[in-house]
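Grab a pencil and work through a few short exercises on this predicted model. Try each one yourself before reading the solution.

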Amino acid sequence: MFAFFFFLQNMKEKLSVEFFRGLPILVMGDLMLDTFCVGKVNRQSPEFDIPVLDFDQQFYSLGGAANVSRNLKSLKGRPITLGFNGNDAANKRILEIFEDYGMERTYLKTSVDRITTEKIRFFNDKLPLLRMDKETNIPMGKDEIKKLERNLRLIFKREPISFAILQDYNKGFFTKESIDLITYFLRTHKIPFAVDPKKDNFWDWFNPTIFKPNLKEISEALGYNVLPNKRELDKSARIIFEKIYAENILITLGENGIYYNDRKKSGIIPANKFNIQDVSGAGDTVISTAAMAYCCNFNLEQIAYLSNLAAGLVCQLPYVQPLPLDELSNCLSNIRH
């Protein structure tokens, strides 16, 4: 315990998140809308013996890659977001939220071939009851690939990108062809990038700066249950290094914290003992924080520590919410003192 406390003190002395302000980060991937229907359960339905939710309120939040952008904005960065959605009410709501928060929406495009992914969550006060999804998992077609290429050219002509986050939720934005096109542009412009992979495209990436799966995704990709200990995770990391030539690996472990490996040093940062209310969106917070910390020249151990801390803080909040930079900064100050 004393050794870990010393580690925290030493880590904090080296960290400052004030340089996060204004960092231009490109975000690409599957954009979503999170809808929350909140009420009270006071009785069971006589028809099906299921709870009846007496409706109280409904509100909306950004999900998927859009939530990564919202996290970056909350951490005082400047997200530039590229993605495709349907021409529908859910996408209109996403555009409104982007405008409300003063976020760039020039590169949010619509497609006639898809509907906007919407996750509708029902809550008994703060307790989740049910989630209903509306989505079309259509791989990006030829017209969308052409539109993607045009927008990439515009972005790299107009925007001073420091880093890119590629957020995959297997909703169709990332295919072998789109991955090859995007990474070609990133390599050509020498832009470091982080990947949050999903099962379908897990091994299609090449040479990401940061590769950030979670433990479940690692287990699915490797075909066996990976245990959250350093020996097992080091073994898994070696396979990833060999197959996709990742520079750095972060693996989120839920209640067990976060694993990091930069080829020279690896370890596990334990989870923080916060009062957890909702883990939804925590992975988006991790990759957003990691990207900004990388831009500030933090080493991977520092990046893992800071990202783990940010995820713990955001999980204290109900529903899907971003973490304000001031809250992260204040927590770091409290750890030091």
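**Exercise 1.** Work out what helix 5 (residues 176-188) should span, and compare that with the distance between its end C-alpha atoms.

*Solution.* Start with the count: helix 5 has 13 residues. The rule takes 1.5 Å times one less than the number of residues. That gives an expected span of 18 Å, and the end C-alpha atoms of helix 5 are 18 Å apart, so the two agree.

**Exercise 2.** Find which residues of helix 5 are buried, and what covers them.

*Solution.* First, set the cut-off: buried means under 20% relative accessible area. In helix 5, Ser 178, Ile 179, Leu 181, Ile 182, Thr 183, Phe 185 and Leu 186 meet it. Next, look at the cover, which includes strand 1 (24-29), helix 4 (142-158), strand 8 (163-167) and strand 9 (193-196). While you're there, step just past helix 5: Lys 190 has a positive phi of about 55°.

**Exercise 3.** Four strands form an open sheet; work out their order and which strands stand at the edges.

*Solution.* Read the order as 3-2-6-7, with mixed pairing. Strand 3 (51-64) and strand 7 (127-134) each have a single partner strand, so they stand at the edges, with one side of each left without a neighbour in the sheet. On average, neighbouring strands here are turned by 20° against each other, direction ignored.

Now zoom in on one pair. Strand 6 (residues 117-124) and strand 7 run antiparallel, joined by seven bridges. Asn 124 sits opposite Leu 127 in strand 7.

**Exercise 4.** Which strands does helix 2 (residues 65-74) lie across?

*Solution.* Helix 2 lies across strand 2 (31-44) and strand 3. Its angle to strand 3 is about 70°.

How values were computed: Residues are numbered from 1 along each chain as its sequence is written. This is a predicted model: local features need pLDDT of at least 70, side-chain atom pairs count only at pLDDT 80 or more; totals for chains, interfaces and linings use all residues. Side-chain values use heavy atoms; hydrogens and water are left out. Two strands pair if DSSP finds at least two bridges between them. Helices (H or I, at least four residues) and strands (E, at least two) are DSSP runs, numbered from the N terminus. Axes are lines fitted to C-alpha atoms, for helices over the stretch in contact, and angles run from 0 to 180 degrees between N-to-C directions. Contact means heavy atoms within 4.5 Å. Buried means under 20% relative accessible area, exposed over 50%, partly exposed in between (1.4 Å probe, protein chains only).
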